[in-house]
Amino acid sequence: MMRRFFKKRFQEQSFLESDDNLNPEVYNYLNAVIKLDTNGHVVSYNQAFLKQYGYEEEEFDQPFFDLLLKNNSREISKYFENAISGKVQRFHTQGYRKNGNQLDISISLIPIRSKDIEYIYVILNDISEYEKQQDELHLFYKMREAFDEVDYICSFYYDAINDYYYPSKQIKDMLKINPENTFTPSLKHALRYVHPDDQERVQNIIQTSLHKRIGYEIEYRMVQSDQTIILVQEQAGILLDKNGNLEGMVGYIQDITDHKCSKNVLEIEKQIKLLYDNPDVGFWSIDLRNGRYGNTSKGIELITGYTNEDFQTNLKCTSVVFHEDLQQYLNNQHILTDGKILKHEYRIVHKNGGIRWIQDYTIPTLDSFGNIVRLDGLVSDITEQKLMQDKVTYLANFDPLTNLPNRKHFIEMLDRHLKEISNPNHQFAVVKLDIDGFKYINATLGNKIGNELLKQIPNRIKGYLTEQDIIARRGGDEFFILIDGINSIDDLKITINKIMNGIGEPFNIEGYELYITVTIGISTYPENGMTSLELLRNANLALNNAQKRGRNNYYILSQSSSIQSFKNYSIGRDLKKAIEDREFTIYYQPRVDAKSNKIISAEALIRWNHPEWGIVSPAEFLSFAEENGLISEIDDWVFSEVCHQIKKWKDASIPVVPISINISAMHFLKQDWPRKVASIIREAGIHPSDIEFEITESTILNHSDMVKNTILKLKELGISIALDDFGTGYSSLSYLTQYPFDVIKIDKSFIRNMHNSNRDLHLTKSIIYMAKGLQLRVVAEGVETVSQLTTLQNEECFEVQGYLYSRPVPLHEFELLLQNKILKPTITDRISKLDRRKHNRVQLTDPLEADIRLVSIAGRCVELGVSKVLIENISIGGLQFVSNLKLPIRGDVIYQFKTEFLGEDITLKGCIVWKDEVNEELTAYGFQFEFTKEERAKFSKLLNSFIVLASNSTSLPPYRKVTVDRYEYFK
């Protein structure tokens with residue numbers, strides 16, 4: 001309520017001090033405002049009057065109220081005379097619009113003297129819409145006048161722009177400050193007078209209020225200049241300017257240390273009586289010595305329905321209190337015995353039977369013996385406020401469209417669930433679900449269809465969940481799910497598949513049959529985290545991994561890698577320090593002209609040289625950087641490093657090709673970023689054509705106009721723009737016509753699958769054909785095989801990038817490639833050539849599935865779950881395995897393998913001695929065993945038995961083999 005007081009008061013002040021003609025703020029004032037001379041003729045009026053009442057200027061040749069009130073104009077003559085004499089007048093009557101419609105209006109007459117000329121400002125309010133606001137403003141003026149005379153209440157204005165407090169004169173008495181000194185402190189200075197134990201709490205509340213633009217009420221302790229501690233209550237509301245920008249706060253501070261305020265309230269009883277006619281505030285009093293009520297105000301009758309006569313004939317307050325609130329009402333009365341003001345809220349039963357919420361201030365008066373002899377009360381109807389609070393509370397915790405818990409409430413529920421877990425073996429899953437192509441549905445069918453789909457999808461998901469499970473809307477097209485009490489990963493898979501299959505059934509919405517797919521990421525407790533932050537972070541990581549595979553996929557992080565979960569924790573923990581310690585380096589992957597095998601460009605790819613995990617790829621840490629607001633700093637570093645490296649190449653006469661840099665969405669939302677880019681290029685001494693920026697479709701998704709403007713500015717500088725991962729987003733085709741791209745890079749998932757899927761093959765060909773038609777260069781990413789290269793060459797796609805030519809390489813290797821200029825494809829299978837063991841190896845026709853566990857780092861034991869890997873060959877000295885994990889080569893990092901071999905469970909310990917990237921997702925590792933003599937002899941016997949059996953049969957003996965393709969396995 002105070003916020004409305006403050007805002008309204010300053011609105012009216014903006015025109016009460018205006019010149020002869022209404023200034024723009026008055027002209028655009030929401031209420032009708034008319035300026036009259038002392039004869040009642042119109043001097044000027046605002047736009048709101050014309051819109052609301054329809055009169056035109058030529059009709060103002062007669063007195064204004066004869067025009068507006070018709071035959072009722074004589075009734076207001078006494079109000080107008082009083083206004084001329086300098087008294088503000090407010091009254092209700094009936095008036096007429098130009099079209100003849102009659103309406104109830106509230107009229108305020110405000111006398112103002114300007115340049116020695118008296119004017120009367122008339123404010124007209126349609127009572128149905130504005131009466132309450134006007135009454136609250138009136139109440140505030142009167143309360144302010146009354147409070148100015150009270151020495152225990154200090155009003156203040158805080159200028160948030162210049163950081164100055166302007167308190168009323170009472171502050172000096174309240175804090176016992178020298179009255180001769182000027183006191184306009186900053187916020188930091190003002191907090192010095194707050195008790196040290198309360199300073200942080202008060203500062204946080206004030207900062208939150210300013211940030212969220214909401215009022216507040218708080219009790220805390222202040223320290224007077226003589227070190228006396230007093231208890232105060234502070235209430236404040238936010239002030240906004242006409243454009244909705246923050247100006248500051250207005251409020252009051254009240255000393256509530258003891259019951260002396262009761263005596264002061266009695267002293268200003270005359271002022272309070274001025275409020276008795278206010279319909280929104282009710283006043284009552286009772287003499288406890290005889291049990292008789294004093295006169296109750298009109299506000300009491302309007303709020304409760306009971307008249308003054310009702311209270312005089314033995315009507316008790318307790319009989320009005322709603323029965324469910326009566327006991328709490330009675331329990332609160334003991335506060336009055338200490339002489340303190342009782343402020344409480346409760347429900348009453350209106351005389352008409354309705355239930356209303358009221359706020360009640362009860363002020364006790366004590367005699368010299370400390371006995372209560374009188375109670376004075378002020379009540380207001382807060383029913384609408386309570387309804388609004390309930391609505392605000394609901395909106396703070398639930399999504400209004402789907403009525404599901406929102407992200408904030410889901411985290412709270414997840415935290416509560418974690419605290420309630422008593423069984424150490426309890427497991428549950430946190431799921432992050434993303435609707436594939438939702439933006440396309442909104443763009444083509446409209447938000448109405450999209451919103452209905454958002455409501456139907458969770459309803460369908462609920463059919464596969466239990467009562468203990470929770471589904472929430474994270475925002476946009478994403479949902480969170482808590483699947484409780486999972487018994488195994490296999491059971492979890494069954495539930496996830498049911499959800500995906502269920503969503504795959506068509507949705508019939510307003511005549512449209514919609515087929516929807518979703519992508520899902522899953523983390524599990526306790527394997528992937530013990531806190532909500534860890535579980536949600538890992539669910540997001542799992543979703544990113546699922547999205548890399550394309551639509552309609554899911555990824556369970558717990559199944560993929562407990563080692564990866566531990567690594568993710570380390571990465572999230574160490575990332576900020578890595579930026580400070582400059583632990584990053586840049587690798588380069590060439591882009592080749594497939595006709596000439598000439599290097600024509602390269603992509604700069606950041607790597608993190610982690611002290612424990614070795615070289616960490618950007619796919620593993622950039623999502624954490626985005627979550628923690630560090631991505632811009634990393635991007636800036638990469639861009640600056642690349643620019644200065646290009647300059648070094650030029651100075652050393654090393655052939656230079658354009659370097660492509662991945663840029664996050666954050667930069668495209670900064671208006672001054674193109675200027676900064678130009679400055680860095682100029683400072684490095686290179687040309688803008690040496691640089692190409694890559695952006696993804698997700699960058700465009702939510703801020704298309706801002707991104708487009710930034711791209712145009714970069715193009716003006718001479719920088720090429722490439723659309724990366726083309727085909728994996730939501731509206732790719734429309735992007736090509738709306739944005740001035742130079743290059744599109746076909747996503748590697750299409751290239752990898754085009755010989756296994758006719759759909760991906762045709763899509764790849766279509767993209768190439770379309771790019772040519774739009775005169776765009778097209779690059780094929782992820783080229784790994786000769787057959788893929790041949791297909792692309794047949795389709796005249798000659799710009800390729802992938803492991804067939806080169807993996808990303810460090811700077812010194814890339815400089816050698818630049819000097820050679822020509823880079824031919826590697827035809828042979830690189831992995832098959834990796835025979836680095838002195839012992840004879842057993843090459844497995846089908847890989848052997850094994851569980852790998854990290855057991856120690858630098859002598860420090862760790863307890864982690866297992867991850868799945870594929871053993872491709874094995875010898876008495878070690879083995880070669882393939883995994884989607886990115887593991888370091890360190891002799892002090894010890895792993896343990898467990899698998900089944902010839903019907904026996906075997907355990908092998910050791911360390912990784914070499915690794916080689918198969919592609920961006922898979923890596924081959926060489927593993928060296930650490931055996932005791934007994935263990936070595938036992939394993940040697942088992943391995944020899946396997947070799948003998950294999951040589952005497954057409955197939956190898958039974959073992960835990962995997963028959964699917966390794967890409968499919970790790971998918």
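**Exercise 1.** Determine whether Glu-620 is buried or exposed, and describe its surroundings.

*Solution.* Glu-620 has a relative accessible area of 7% and is therefore buried; the term buried denotes under 20% relative accessible area, exposed over 50%, and partly exposed the range in between, with a 1.4 Å probe and protein chains only. The model is a predicted one: local features need pLDDT of at least 70, side-chain atom pairs count only at pLDDT 80 or more, and totals for chains, interfaces and linings use all residues. Residues are numbered from 1 along each chain as its sequence is written, and side-chain values use heavy atoms, with hydrogens and water left out.

Next, locate the residue: helix 23, residues 618-627, contains Glu-620. Helices (H or I, at least four residues) and strands (E, at least two) are DSSP runs numbered from the N terminus.

Finally, list the contacts (heavy atoms within 4.5 Å). Leaving aside residues up to four places away in sequence, Glu-620 touches Gln-564, Lys-567, Ile-571 and Lys-886.

**Exercise 2.** Explain why strand 36 is described as largely enclosed, and identify the strands that pair with it.

*Solution.* Begin with burial. Strand 36 spans residues 893-901, and 7 of its 9 residues are buried, so the rest of the structure largely encloses it.

Then consider pairing, which requires that DSSP finds at least two bridges between two strands. Strand 32 (residues 842-857) pairs with strand 36 in the antiparallel sense over 6 bridges; here Ser-856 has Ile-894 of strand 36 as its bridge partner. Strand 37 (residues 904-917) also pairs with strand 36 in the antiparallel sense, over 7 bridges, and Asp-905 in strand 37 stands opposite Glu-900.

Last, examine the connection. Strands 36 and 37 form a hairpin with 2 residues between them, and Leu-902 in the turn has a positive phi of about 55 degrees.

**Exercise 3.** Classify the ring pair of Phe-929 and Phe-931, and state how buried each residue is.

*Solution.* Rings of Phe, Tyr and Trp (its six-membered ring) pair if their centres lie within 6.5 Å; planes under 30 degrees apart are stacked, over 60 edge-to-face, and the rest tilted. The whole structure holds 39 aromatic pairs. One of them joins Phe-929 and Phe-931, with 5.1 Å centre to centre and 45 degrees between the planes, and is tilted.

As for accessibility, Phe-929 is buried at 8%, whereas Phe-931 is partly exposed at 24%.
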